[in-house]
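Open the model in a viewer with the sequence panel beside it. The stops below give a selection each, followed by what is found there.

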Amino acid sequence: MLAALFTLWANVPAPAQDMNRARRTIATLASSAFHGRGYVKQGEHKAAAYLRKRFADLGLQQLAPDYTQSFSLPINTFPGHAALRVDELSLRAGEDFIAEPGSGPAKLEGAVFTLDTLIFTQEAAQQQLLATNLRAHSLVLRQPDVARLSKLPAAVQEHLASAASRITLVQGKLTASLANQQLAQPQVQVLASKWPSAAKTIRLRLDAVFQPAYQTQNLVGYLPGRVHPDSFLVVTAHYDHLGMLGHRAYFPGANDNASGTAMLLELAAHFAQPANRPACSLVFIAFGAEEAGLLGSQYFVEHPLVPLPSIRFLLNLDLLGTGQEGATVVNGRVFEAQYQLLTQLNAAGHYLPSLAARGRAANSDHYHFSERGVPAFFLYTRGTPTFYHDVQDRAATLPLTGFAGAFGLLRDFLRTLDTPGK
């Protein structure tokens, strides 16, 4: 069957994929002009406007006015100031410290109070802590001890929460995230290697603004099927990222997920060519608010623009900027027949060094679909660099080693699923 399909495809015009165009897409989405595609300075709205134009230029048709499915979400943001000074040392936002996603605002100066880990094992140490006024102090603890706090007596936990701020010292790297609520206490993470060993005082300025109903959107375009317009194949990728921390620091999100968004656009460019138009309808969805908890895909599943039972298969694309070690397919162990097809296509086309199957996982936008019975894969590449949710995830350092191979594999997979009887 595969040999026959490759013979059939030999007469198809050259793929529309363009690596230079893909790199430009990633560089544009990851640039400072888009402010990290988050919820400060309208970054995700600027990215959405860019993608609307790309959809229109490709000739995708609209399933909603201006390709836009609007929804709202609660989100904690960090516009304005983000400054931390320890004794006489100024730390850099994004590089040396980040805000905890649910951190409250701060404008404070005070003494450092380093947590005594004896409180986890000795009641006497707990009593001594309770006798200490923490309201004028910034509590400092190590990251492994954060998870242990929940095991302390409620009175001790409440007392620790009364500290003017909480500083968590992190080994390795800083990994930022988003939150849909805001705590009263300011909380930041600091690289342990940047923290003075005998720190006495800190000065922290952090502007945190909670937005209870931020308006955002999914972007949806499609190519009507030539033969089966009411049967759908779906390609998805989230375009949002983490936004900014203060005036200057932003999270570029080149791999996560400008790379997947670029792949979505490359596949759309290929199938938009008249000679490549599919028999089934092909839907392209750029999800918002994935980083805020898969909220865009959840909203789409709850308010579908195409009938979910009419989706033959969904491909979700996220983290496609590396590939030296091949790719992983989430739900590969769930939808075994489709995964076997994918591996056969990969072997025949020599596209990626290897494929690895995972089981069910709630780690990207495929999840809400597969939970509702839609067959779906989430494919991501493996390799270096491993920058993730940090300010180092830049377009300039993204090798795109497996991008062309992944394109060929996904193109062939969609063609095969589009074949009658598949």
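Buried means under 20% relative accessible area, exposed means over 50%, and partly exposed lies in between (1.4 Å probe, protein chains only). This is a predicted model, in which local features need pLDDT of at least 70 and side-chain atom pairs count only at pLDDT 80 or more, while totals for chains, interfaces and linings use all residues. Residues are numbered from 1 along each chain as its sequence is written, and side-chain values use heavy atoms, with hydrogens and water left out.

**Stop 1: Phe413 and its ring partner**

Select Phe413, which is buried because its relative accessible area is 0%. Add Phe377, which also counts as buried, at 1%. Rings of Phe, Tyr and Trp (its six-membered ring) pair if their centres lie within 6.5 Å; planes under 30 degrees apart count as stacked, over 60 as edge-to-face and the rest as tilted. The structure holds 12 such aromatic pairs.

In which of these classes do the rings of Phe377 and Phe413 fall? Their centres are 5.9 Å apart and their planes at 20 degrees, so the pair is stacked. It links distant parts of the chain, with Phe377 in strand S19 (residues 376–381) and Phe413 in helix H11 (residues 403–418), 36 residues apart. Helices (H or I, at least four residues) and strands (E, at least two) are DSSP runs, numbered from the N terminus. Extend the selection to Phe313 and Phe335, which form one aromatic cluster with Phe377 and Phe413.

**Stop 2: helix H3**

Select residues 43–58. For the 16 residues of H3, 1.5 Å a residue gives an expected span of 22 Å, and the end C-alpha atoms are 23 Å apart, which agrees; the expected span is 1.5 Å times one less than the number of residues. Buried residues of H3 include Ala47, Tyr50, Leu51 and Phe55. The buried residues of H3 pack against helix H2 (19–29), strand S2 (68–77), strand S11 (209–223), helix H7 (254–272) and strand S15 (280–287), where contact means heavy atoms within 4.5 Å. Just after H3, Gly59 takes a positive phi of about 80 degrees.

**Stop 3: the eight-stranded sheet**

Eight strands form an open sheet of mixed pairing, in the order S4-S3-S10-S6-S7-S8-S9-S5; two strands pair if DSSP finds at least two bridges between them. At the edges are S4 (89–91) and S5 (97–99), each pairing on one side only. Inside the sheet order, select S8 (residues 165–170) and S9 (residues 187–191), which pair in the parallel sense over five bridges. Arg166 has Gln187 in S9 as its bridge partner.
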